[in-house]
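Me: Please take a close look at a single part of this model, one sheet together with whatever packs on it. I would like one connected account rather than a list.

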Amino acid sequence: MRVVEIAAGRAVAYCTQLLAQFGAEVIRIEPPGGDAIRLAGPFTGDEPDPDGGGLHAAINRGKRSVVLDLERDEAAALAARLIEGADLLVSDWREGERSSSDLPLGDPDRWGERFPETTFVSISDFGMTGPYASWRADSQIIEGLAGFSYVSGDPEREPLSAGIELSDYFAATHATIAALAAVAAARRGQRAHVVDVSAHEALTMTDDHNLVVWLGSGVVRKRYYSRILPGYPNDIMACKDGYIAFVPVGTGHHDFAGVVSTLLERPDLKDSPIFTETQTRNLRWREFDAVALPWLARHTREEIFRRAGELGLGFGTVPDVEDLLGDSHLEERDYWEAGPDDVRLTGAGAIMSATPQRFGPAPALDADGDALRASAADGTDGAA
Amino acid sequence: MRFFEDLKIVALTQGWVGPLATRILSDLGANMVRVERAFTPGGNYGNRTLFPPRNDITGEVWNRNIYFTVRNAGTRSAMIDLGQEEGRALVRRLISEADAVVENFMPGVVARLGFDFKELHEQFPHLILLHLSGFGQTGPNAFRPANGMTMEPASGVPTVTGYHGEGPTKTGQTWVDPYSGLHGTAALIAALIHRDRTGEGQIIDVSMQEATLPVLESQFADYQRNGRHQTRDGNRRPGMVRGAYPCAGDDDWVAISLRDEAEWQAFCRASGHEAWLDDPRFGDAASRTEHHDALDELIAAWTRERDKFEIAALLQAAGAPAGPILKADEVIADPHLAAREFFDDLKIGDFGRVPIQRYLPAKFDGAAVPAKGPAPDLGADTDAVLAELGLSAAEIEDLHERRVADRASDLQSDPIAREGTQLPFEDYEEMGSVLRIDRDYAPKPL
């Protein structure tokens, strides 16, 4: 599978990163000086270096890099030659922008005629059509429109967005599915020329909890300490040496009251409605907290997990990046990939027995430029 | 675009991560057969009995659930008793004729039922076998119970999600479920491309934790390169003016995200605050970050008396990123989603028709990928699936009589299940986790 990426932000880069992991050869067309991902850092010692950024090292792995200034017709013609030999072009899309006779990126109707063998996967904030198509957004704005942030955070404070660029990652993953489906279909003789992926829709698709409650009962949920209706406890809570997710995922037992009152060393409360009745506990959760929080404050994460495990409760860890990098489970599964300067990079999102995911180093800016420009100019495929 | 109409997939799924993958593949055309448990009174049917719509008349909660519809629309339901060897043999036969199997139970569960993926792979090397689980099929945490609420913390994301200077928090959506389900779906299609070329199937092991960790790539890099733990800062981002601001209305908010100088200037001009452009506190990105608290107060004073939709439209027209923060009913009514036909009206049992979101909202040459239809009634396709396996009408009838396989009409109304799942929304409204209840709300008629 051969993929051309016209660099255009995180969602596009992560989509082609996933395609590269699935075995695609990815050619990354970048503007002079490199794209925003190269400049996003984090840099060692905060010294900017377009080849040395942490995000670039992670989500441009195994790709090839060529610099082409697509504002210039000659460069656009070379890009078009590279695209002609590819299964997929992945880029963003903005109405009317970057359209030339060689590269009709802003004109999906002409795409199939110009590139009959290549599917254009467009990833944009709001898709190619509709009243918001020209709107500008980042993840916070999309999380707001998707119904996501209204239910995140505390009831008396402002809605909270996630601490990561969530909409980019959802858009990238949706685009990867759509791109792979388009390739599979094309090889079976059914080609789509233009695939339109909207980050807004990719995230709104996850709004099950809110939509179901509204559509079934006419009830509008409000953020309430980021809890999902119903069920308490399901919060992240402080303990002696950090935090734990107090989410007692069952292992088949139904005696919440008996097990949790034992865990909290309050067997006298096992018949209390706060423990025995789910809805009572949901409503009078502060009374539950008054018992649970002091106990948690006296115990370490390890003690809590051991004891909860003995009682058949799941609970959740709340690891930070340091914990995760040293996590024995991930170690045993050989998860991490080696990056530059002994830095660990994340590994495969799916362990595949016949086609293991592939990783390579992220390219220096224009590392493959001479070879790719020459091959585009003389019409060879420029394969590495 | 039903690209995969030639595919047959067996779904042994529950919760969200598994059904998400199987609904997308069904939407893409696959003949998706869900194997479901035979009915037991008072039984827990997961999505089929979670949060049933109000006005339940028939007691058949399992056929009128919106959660179940969202996650399983267009699939088929075969009710086969896996507690009986004969039922397990039928499902093995179903699998042998399929192209793929998707499961998301605790590691080891499907093997104990007789569907060990390694054995299936040896016996039927064409099969694509997808495991989805919290921590993967191997390793010391493999058997740790997991769901979306535990896997968001386990992915490390709460370390950067929360209000400034306070503890980590989850978001209000269990997004790691769908996110990792998407990764599993992509892997299955990649495996299909490989199989189309070579004939070779494979086993895929998706760990929800591992699929999600790449969203923290910058945080991993900063810690390893600079020893820095990035932490929680509400809605802010370094170098940006970014926040959620109160508006006129009932708990209404607008999100504003100004990423660069041009967007900052566009915002100041559109909001009528050109004077801020000359304010030394806001002269460049660094000083705006330093004085973000003061700026937030000024912005809120402007937004507080205005409508969130009007603010967003005004700022967007000027090139400044903004958007209303929507409640559930407003998401359903969003004009952009409507123009893009993001929702399809689907029938929910005897409840009515409601708009159900697309699970693969991408458009292919302008054509959408809607669900094939409503979710199946429990056991609706049992007979058809058995007939497709070559069983005669008499053999199927015999299986029914011995309760190896059930059909929808074998089920009885279950008032216990109905009673047990109603939620006290009025109490939640008083407590504050429900904003409002629209007592006139009704679904569209059937």
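Reply: In this predicted model, 3 strands of chain B form an open sheet in the order E7-E8-E9, and their pairing is antiparallel. Strand E7 (241-246) and strand E9 (322-324) of chain B stand at the edges, and because each has a single partner strand, one side of each is left without a neighbour in the sheet. From one strand to the next, the twist averages 15°.

The pairing of E7(B) with strand E8 (residues 253-258) of chain B can be described in further detail: 6 bridges join these two strands, which run antiparallel, and Gly243(B) stands opposite Ile256(B) in E8(B). Helix H10 (residues 261-270) of chain B packs on the sheet, where it touches E7 and E8 of chain B, and the direction of H10 makes about 140° with that of E8(B). Helix H12 (residues 292-303) of chain B also lies across E7 and E8 of chain B, and its course runs at about 40° to E7(B).

A separate site in the chain may be set beside this account, namely Ser133(B), which lies in strand E5 (residues 128-133) of chain B. Ser133(B) has a relative accessibility of 5% and therefore counts as buried, the cut-off for that class being under 20%. Its side chain makes a polar contact with the side chain of Gln137(B), at 3.5 Å, and, leaving aside residues up to four places away in sequence, Ser133(B) touches Phe105(B), Pro107(B), Val206(B), Ser207(B) and Met208(B).

Methods
Residues numbered from 1 in each chain as written. Chains lettered and ligands numbered in written order. Predicted model: local features only at pLDDT ≥ 70, side-chain atom pairs only at ≥ 80, totals over all residues. Heavy atoms only, no water. Helix = DSSP H or I, 4+ residues; strand = E, 2+ residues; numbered from the N terminus. Buried < 20%, exposed > 50% of the residue type's maximum accessible area, 1.4 Å probe, protein only. Polar contact = N/O pair within 3.5 Å; in protein donor to acceptor, adjacent residues only side chain to side chain. Contact = heavy atoms within 4.5 Å. Pairing = 2+ DSSP bridges. Axes fitted to C-alpha atoms, helices over the stretch in contact; angles between N-to-C directions.
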